[in-house]
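Subject: Structure handover

Hello,

Here is the structure I promised to pass on. Please open it first, then read my notes below.

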There are 2 protein chains.
Amino acid sequence: MTEAATSVSRKRSGPRVTISDMADALGLTKSTVSRALNGYADIAEGTQLRVKKMAAELNYQPLSYAQAVKTGRTRSLGLVLQLSDHDAHRPFLAEFLAGLSAGASQEGYTVTVASADTHDTLVDTFRSLAQDGKADGFILPRAMVDDPRAKLLRAERVPFVLYGRQQDPTGCAWFDVRGEDAMRDAVRHLADLGHRRIGFINGKTIYTYASLRLQGFKAGMAECGLTIDPDLMRDNAVTRSDGQAAAGAFLDQAEPPTAIVCAVDNAALGAYAALAERGLTVAKDVSIVAYDGTQDGANAQPPLTTFAVDNRNAGERLSSLLIRRVRGEPVENLRETTAATFVRRASTGPAPAGPTPSSNKNF
Amino acid sequence: MTEAATSVSRKRSGPRVTISDMADALGLTKSTVSRALNGYADIAEGTQLRVKKMAAELNYQPLSYAQAVKTGRTRSLGLVLQLSDHDAHRPFLAEFLAGLSAGASQEGYTVTVASADTHDTLVDTFRSLAQDGKADGFILPRAMVDDPRAKLLRAERVPFVLYGRQQDPTGCAWFDVRGEDAMRDAVRHLADLGHRRIGFINGKTIYTYASLRLQGFKAGMAECGLTIDPDLMRDNAVTRSDGQAAAGAFLDQAEPPTAIVCAVDNAALGAYAALAERGLTVAKDVSIVAYDGTQDGANAQPPLTTFAVDNRNAGERLSSLLIRRVRGEPVENLRETTAATFVRRASTGPAPAGPTPSSNKNF
DNA sequence: CTGATTTCCGAAACCGGTTTCGGCAAGAGG
DNA sequence: CCTCTTGCCGAAACCGGTTTCGGAAATCAG
């Protein structure tokens, strides 16, 4: 028995041991070895054990691409980076990818990353990757309201999972953090502190998260009996300077807000700058609460009150979902959401007793 | 001719067009089509064109894993993430990966990411990935002085490229930023500003970059005729709190430094905190210059003077080098370094006219 | 016009697995 | 004791490519 293991003398190209070597060493045929390894029912339990033991002994591991020729699957999950809006994923990507690959590794999968430079070549990149057989399915970060990636993949019947929800759920699996709940809770938190004039700085409206967070903000305002001033609403602010401009516009109005909800941490940090420019201090003059849970927010002065999302976990969940999808589970089973966690820090405080009580509307 | 193209009626599994379909459509054999596509010399120029045109028309693209069975190569570059010290790559990874995959994409390659949770499973992850045939070669970020990954891969004859140099260059290809030059220039810069007592906070000594940057610091001090005080030297500081502790220890000495060179931006930001704790202000009381070029440094108050490294570019260079390595080029041709770029911001200033001139050593 | 090269392509083996099919031997049932 | 299952494995086809080899036709030299 053991002599058979040592008698592996064929050293064709490198010390790779193939399934035929296994068969020779065991006195079986390739097909039997293969089925034993894959746990087919028509293999005696004894031989299955014997084969697996030999595999461990010889350190045999099938070539994934050799398997793929017949099975059509490589055990790899695709992720394509859009280099055009690279700031979009910068803080986001590292944790997310770590989660993705960790979740994939658990099931013996890997993550295959490609990149599209321009927005036009994006779809081509997907197509080419799918045709290449480089990925069994795709993970689509940042779901868009009108998502060309989802359309393509659905049409070509390639499995995929979205990070973010989709209005039309047909054919879509997803994982998402309920940003709308967070925004509603943000308003509640501020209302509890006595704020009544609250502004909202939203993210990019091309993404589905923006409309959801807006919804949540509106719901929170309604619940708390507050009225929304259209002049205190801004869209498409995702960078610091975006946030600075938006918050500045709020503050320069006749009746500035006492609190601002930001859909994105970065925008909130821009709001910090806008306050500083005007000699105002965060929390004392204007309260700010945001969403993301970035490190920058934690480091800011004062530390930013925000709703943290666990991108690491999101990655893990997404790869798990995609693997199940690849294995044939219907999309209806593959939709998960989770809550963001409120991180109360120091950017919110009681509403200042300003001239706000008797507002001069058309009254 | 064109009728042949439309007569592709076999729809076995999905609308995939195989090389046999191509052969049928062209009235040639598989082998001829294959060689035409791969540019073999024994194919008439005319037929080669004809085949390629048909490939475009039928949208034919070979399955990379089918090719790999014979060629042994998947056109994918491996990268394994170490989740244990995740903070090590956090800001680093996003840009780096973008560069990697961009460089890979240019040559039709992809990047395959796996992850090792513990430090022990790291080598196994490499071994398994290589045996799986999931990657043709590997990119090894953060070269260590005694690098188990490099050892393994060299032993198993798997191509790899290091981000960072190696003392023993045998079998090693690499790309690196010359941190030693940056540290030397940092000292020069400070010396030009009149500083004479300069501290140094280094990074993790397990990585090769640390000894190089230390070398550079020493060289700079020597060049400028300055003496190194062992009490102003610290190691293994890579986080904010690390830097804060190290800088704090410097500042609490009888004769504190007027400037600190940090091997890592994060440590410098910790030094900011240490100064703030003691009522000192950056640049006026103590000058600080660091290395990395992180966004956090740019956002800090005052903005951090540092040496920026272009991780995006590093990724691109590394994938290019690895691809060449996979294609058989000897490692001797595959070693590149580049300079970090000095970004003078506001954390350095002239040395304060303190009690430093007549230092009371054993004199 | 003949013989020797080239040029160009087809036939077939091969890569390392998976999967279908069929058959032999042992056990079950009558 | 004979038949019918059932359990278990071998033989061979197959997946979609690549590569080696050999041979026919075309070109060249003499």
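Which base atom of DNA strand C does a polar side-chain atom of Arg35(B) lie 2.9 Å from? A base oxygen.

Some ground rules. This is a predicted model, where local features need pLDDT of at least 70, side-chain atom pairs count only at pLDDT 80 or more, and totals for chains, interfaces and linings use all residues. Residues are numbered from 1 along each chain as its sequence is written, chains are lettered from A and ligands numbered from 1 in the order in which they are written, and side-chain values use heavy atoms, with hydrogens and water left out.

**DNA strand C**

Chain A reaches a base too: a polar side-chain atom of Lys30(A) is 2.8 Å from a base nitrogen of DNA strand C. Tyr40(A) goes to the backbone instead, with a side-chain N or O atom 2.6 Å from a phosphate oxygen. Helices H3 (30-37) and H5 of chain A, and H3 (30-37) and H5 (64-71) of chain B, each give two or more residues to the surface near this strand. Helices here are DSSP runs of H or I with at least four residues, strands are E runs of at least two, and both are numbered from the N terminus. H5(A) gives the most, with five residues.

In total, 29 residues surround DNA strand C. Near means that a heavy atom of the residue lies within 4 Å. The closest include Ile19(A), Ser31(A) and Thr32(B). Of the strand's atoms within 4 Å of the protein, 57% belong to sugar and phosphate.

**Chain A and chain B**

Now the protein interface. 47 residues of chain A are in contact (heavy atoms within 4.5 Å) with 45 residues of chain B. The buried area is about 3,800 Å², and carbon and sulfur atoms give 49% of it. That area is the accessible area (1.4 Å probe) lost on putting the two parts together, summed over both.

There are two salt bridges between the chains. A salt bridge needs a side-chain nitrogen of Lys or Arg within 4 Å of a carboxyl oxygen of Asp or Glu. One of them joins Arg75(A) and Asp132(B), at 3.6 Å from N to O.

H6(A) gives the most to the side of chain A that touches chain B, with ten residues.

Strands meet as well. S2(A) and S2(B), residues 110-116 of chain B, pair in the antiparallel sense over three bridges. Pairing takes at least two DSSP bridges. Within this pair, Val111(A) has Val113(B) as its bridge partner.

Best wishes

Conventions:
A polar contact is a pair of N or O atoms within 3.5 Å; within protein, one must be able to donate a hydrogen and the other to accept it, and residues adjacent in sequence count only if both atoms are side-chain atoms.
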